[in-house]
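Hi,

Here is the structure I said I would pass on. Have a look at it first, and my notes follow underneath.

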Amino acid sequence: MLKFLIFLSFSLPAFATLAEETTITEDLHKAARNTKTGVKKGARAIQDKTCEMINGKIQCLGKKMKHKIENATDDIKDKSEQIK
């Protein structure tokens, strides 16, 4: 029993370090994913605004709807990756 307690006292910090490393990598992956999604949404919004300024709202309505659908699918993909 004493050997088990000694082993346990030395092994717990090692397990805690492993858990911290995985959370750090998960946090970095999550931050990169959020940045990528934000950049995509921003680029699509800029494309929508410039199209409206050049061509008018009616002609750009299709592209704007397409971009909204792409943003929604990106959000769904991000949420599905978070669940994994």
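**What I found**

Leaving aside neighbours within four places in sequence, lysine 63 is in contact with Asp48 and Cys51. Keep in mind throughout that this is a predicted model.

Lysine 63 is a handy place to begin, as this residue lies in helix α2 and α2 bends by about 30° there. Its partner aspartate 48 is 15 residues away in sequence, with 7.2 Å between the two C-alpha atoms.

Now the overall picture. The protein chain has two helices and zero strands. Of its 84 residues, 14% count as buried. The chain exposes about 7,100 Å², and carbon and sulfur atoms supply 68% of that area.

How far does α2 reach from its first C-alpha to its last? The span is 38 Å for 27 residues, close to the 39 Å expected at 1.5 Å a residue. So you have a helix that bends by about 30° at lysine 63, yet with an end-to-end reach close to the expected value. The buried residues in α2 are Cys60, His67, Asn71, Asp74 and Asp78. When you look at how these are placed, remember that an α-helix has 3.6 residues a turn, so residues three or four places apart point the same way.

Next, the disulfide. The count comes to one, and cysteine 51 and cysteine 60 form it, with their sulfur atoms 1.8 Å apart. The link is left-handed, with -85° about the S-S bond. Both cysteine 51 and cysteine 60 are buried. Cys51 has already come up, as one of the contacts of lysine 63.

On to the charged pairs. There are five salt bridges in the count, and I'll go through three of them here.

Which residues are linked in a network of salt bridges? They are Arg44, Glu70 and Asp74. Taking the pairs in turn, glutamate 70 forms a salt bridge with arginine 44, and the closest N and O atoms are 3.1 Å apart. Glutamate 70 lies in helix α2 and arginine 44 in helix α1 (residues 2-55), so this pair ties together parts that are 26 residues apart in sequence. Glutamate 70 counts as partly exposed because its relative accessibility is 25%, while arginine 44, at 12%, counts as buried.

Aspartate 74 is the other partner: its side chain meets that of arginine 44 in a salt bridge, at 2.9 Å from N to O. Here too the pair runs between α2, where aspartate 74 lies, and α1, where arginine 44 lies, so it ties together parts that are 30 residues apart in sequence. Both aspartate 74 and arginine 44 are buried.

The third one joins lysine 64 and glutamate 52, whose side chains meet at 3.0 Å, N to O. This pair also links distant parts of the chain, with lysine 64 in helix α2, glutamate 52 in helix α1, and their positions 12 residues apart. Why does lysine 64 count as partly exposed? Its relative accessibility is 31%, and partly exposed runs from 20% to 50%. Glutamate 52, at 18% relative accessibility, counts as buried, since the cut-off for that is under 20%.

Two more spots in α2 are worth a look. Asparagine 71 sits in this helix, which covers residues 57-83. Is asparagine 71 buried or exposed? It counts as buried, because its relative accessibility is 18%. Not counting residues up to four places away in sequence, asparagine 71 touches Lys41 and Arg44. Arg44 is also part of the salt-bridge network with Glu70 and Asp74, so when you have that part of the model on screen, check asparagine 71 as well.

Alanine 72 is in helix α2 too. With a relative accessibility of 37%, alanine 72 counts as partly exposed. The C-alpha atoms of alanine 72 and lysine 41 are separated by 10.0 Å, and the two residues are 31 places apart along the chain.

That's what I have for now. Shout if anything looks odd on your screen.

Cheers

Methods:
Residues numbered from 1 in each chain as written. Predicted model: local features only at pLDDT ≥ 70, side-chain atom pairs only at ≥ 80, totals over all residues. Heavy atoms only, no water. Helix = DSSP H or I, 4+ residues; strand = E, 2+ residues; numbered from the N terminus. Buried < 20%, exposed > 50% of the residue type's maximum accessible area, 1.4 Å probe, protein only. Contact = heavy atoms within 4.5 Å. Disulfide = S-S within 2.5 Å. Salt bridge = Lys/Arg side-chain N within 4 Å of Asp/Glu carboxyl O. Expected span 1.5 Å × (residues − 1). Bend = angle between axes of the 7 residues up to and from the residue. Areas by Shrake-Rupley, 256 points an atom, 1.4 Å probe, with all protein chains shown as cover.
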